[in-house]
Amino acid sequence: MVDAFFPDVTDRVPFGGLHGADPLAFRVYEPDRVVLGKRMEDHLRIAVCLWHSFNWPGSDVFGVGTFDRPWLNPAAEPMAAARAKLDAAFEFLQKLGMPYFCFHDRDVAPEGNSWRETQRILDEIIDDIGRRMSDTGVKLLWGTANLFSHPRYAAGAATNPDPEIFAVAAAQVKSMLEATQRLGGENYVLWGGREGYESLLNTDLAREEQQLARFLALVAEHKHRIGFDGMLLLEPKPQEPTKHQYDYDAATVLGFLQRHDLAGEYRVNLEVNHATLAGHSFHHEIATAIAGGIFGSVDANRGDPQNGWDTDQFPGSVEELSLAVYEIVQAGGFTSGGFNFDTKLRRQSMDRTDLFHAHIGGIDTVARSLLVAARLIEDGELKRLRNERYAGWNGELGRTLLGETDLDAIAERVLGGDIDPRPVSGRQERIENLVNKAIWSVDAETASVAGARAG
Ligand code: XUL
Ligand code: CO
């Protein structure tokens, strides 16, 4: 392999097992390990994101970039820099051995001086990406358009008070949706970065909702016109950068889709830290989307319990992810979705090699969560206890209540005395113990089996 940008990692990151001495080896993630009859890689469908990992210099609101990223040198010629960035990203993807990546149009292609020039640049870069994909076998999990960085989008894209900005955003999504299709992308994501408000004093909520629905209907119509067969995914987030974003959480998105007859067209891409910002657990967001029939894909990361903003840290908590992965696997697993690492290094992690350490640890956390989920499914007790709790609904009374009856008939049965309910335990602590047991037993097994396998 070429060692242009990541000389500390000379070959593909190996599996080293729990006791392996190499910090640049996976301790749990083994793509070919079969879990519940399916390869780990096929369960998880992991993607690396190009924005935080390759297009962000480590700047924050108080300071400039700190990262060692030669391809982001502002003095470089823009097209040469864009190609160097792709060299770095594909070298990383190959060495990390992940099957997928995700990107925004603006992560890879700078804007030109006119819309026409911007299109020409994007076209050229998309061809370049296509060549690298066929050279390496890396695939595109999803593409998306950046409708939030340029000053024109300060007041939103689809929900902007100016229809000219709606039009530019629509043209941008059309071209990025088509680029995603050209690259064989498996999904297309719309995160409403600035679709929300800063102040209600200058905002017409009803009008902005209509605009957003119209925009999404146009995108869905175009998807069918061009025959793109991936899923369209909305990414809920409650706030940041705006004070309030319309795609607040999974339940809000579901209600919006149903109000506008779009529920058959869109599903959701759920992000861990966005769930935290909305005051939910990630488990809640996943379960809500599955129950509502709109679950699609995941952006893996985590927040910091002490911060109220989107820190996008690499996943580190098996407790947080296991139950979400349990719901996903239990519901049949991903179709075209996957685990996209929408994750940022800390600003002090300035070495290029830090990107490897961060992804390796995060991927191992997701892999361990899959093993815990599989343990819970194989054990069956969690499902059995939950089913048992609702068993009455399968009986005659339950079926009658959900079928043909009315309040008079129900009240008559209650008066007749054959209904005499006795409260029963929800057994929450017993069930929580089951989850902990699965985590501990996977840890014990990882220590022995994976250690032995690594030799
Ligand atoms: C922002 C965020 C985005 C989307 C893609 O919080 O998550 O990066 O995933 O636009
Ligand atoms: Co995201």
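The following paragraphs describe the surroundings of ligand 1 and of the cobalt ion (ligand 2) in a predicted model.

Ligand 1 sits in the largest pocket, where the residues that surround the ligand are W51, H104, W142, W191, E235, K237, E271, H274, D299, D310 and D342. By class, this shell around ligand 1 divides into three nonpolar, two polar and six charged residues.

Several side chains of the shell place polar atoms at short listed distances from oxygen atoms of the ligand. For E271, a polar side-chain atom lies 2.7 Å from an oxygen atom of ligand 1, while for D299 the corresponding separation between a polar side-chain atom and a ligand oxygen is 2.9 Å, and for H274 a polar side-chain atom is found 3.0 Å from an oxygen atom of ligand 1. Taken on its own, ligand 1 has 300 Å² of accessible area, of which the protein covers 95%.

The cobalt ion (ligand 2) draws its protein donors from E235 and E271, each through OE, and from D299 and D342, each through OD, with the donors lying 2.0 to 2.1 Å from the ion. These four residues also appear among those surrounding ligand 1. Along the chain, the donors of the cobalt ion follow the spacing E-x35-E-x27-D-x42-D.

Why is the arrangement around the cobalt ion (ligand 2) octahedral? There are six donor atoms around the cobalt ion, and the angles that they subtend run from 78 to 173 degrees, which makes the arrangement octahedral; the criterion applied to six donors is that opposite donors be over 155 degrees apart and all others between 65 and 115.

Note on methods:
Residues numbered from 1 in each chain as written. Chains lettered and ligands numbered in written order. Predicted model: local features only at pLDDT ≥ 70, side-chain atom pairs only at ≥ 80, totals over all residues. Heavy atoms only, no water. Near = heavy atom within 4 Å. Polar contact = N/O pair within 3.5 Å; in protein donor to acceptor, adjacent residues only side chain to side chain. Areas by Shrake-Rupley, 256 points an atom, 1.4 Å probe, with all protein chains shown as cover. 1 Å grid on protein atoms, 1.4 Å probe; cavity = no way out; pocket = protein on both sides within 12 Å on 5 of 7 lines; lining within 4 Å. Sits in = over half its atoms within 2 Å of the grid points. Nonpolar A, V, L, I, M, F, W, Y, C, P; charged D, E, K, R; others polar. Donors = N, O, S within 2.8 Å, 3.2 Å for Na, K, Ca; no water. Tetrahedral: all angles 85-135°; square planar, octahedral: opposite > 155°, others 65-115°.
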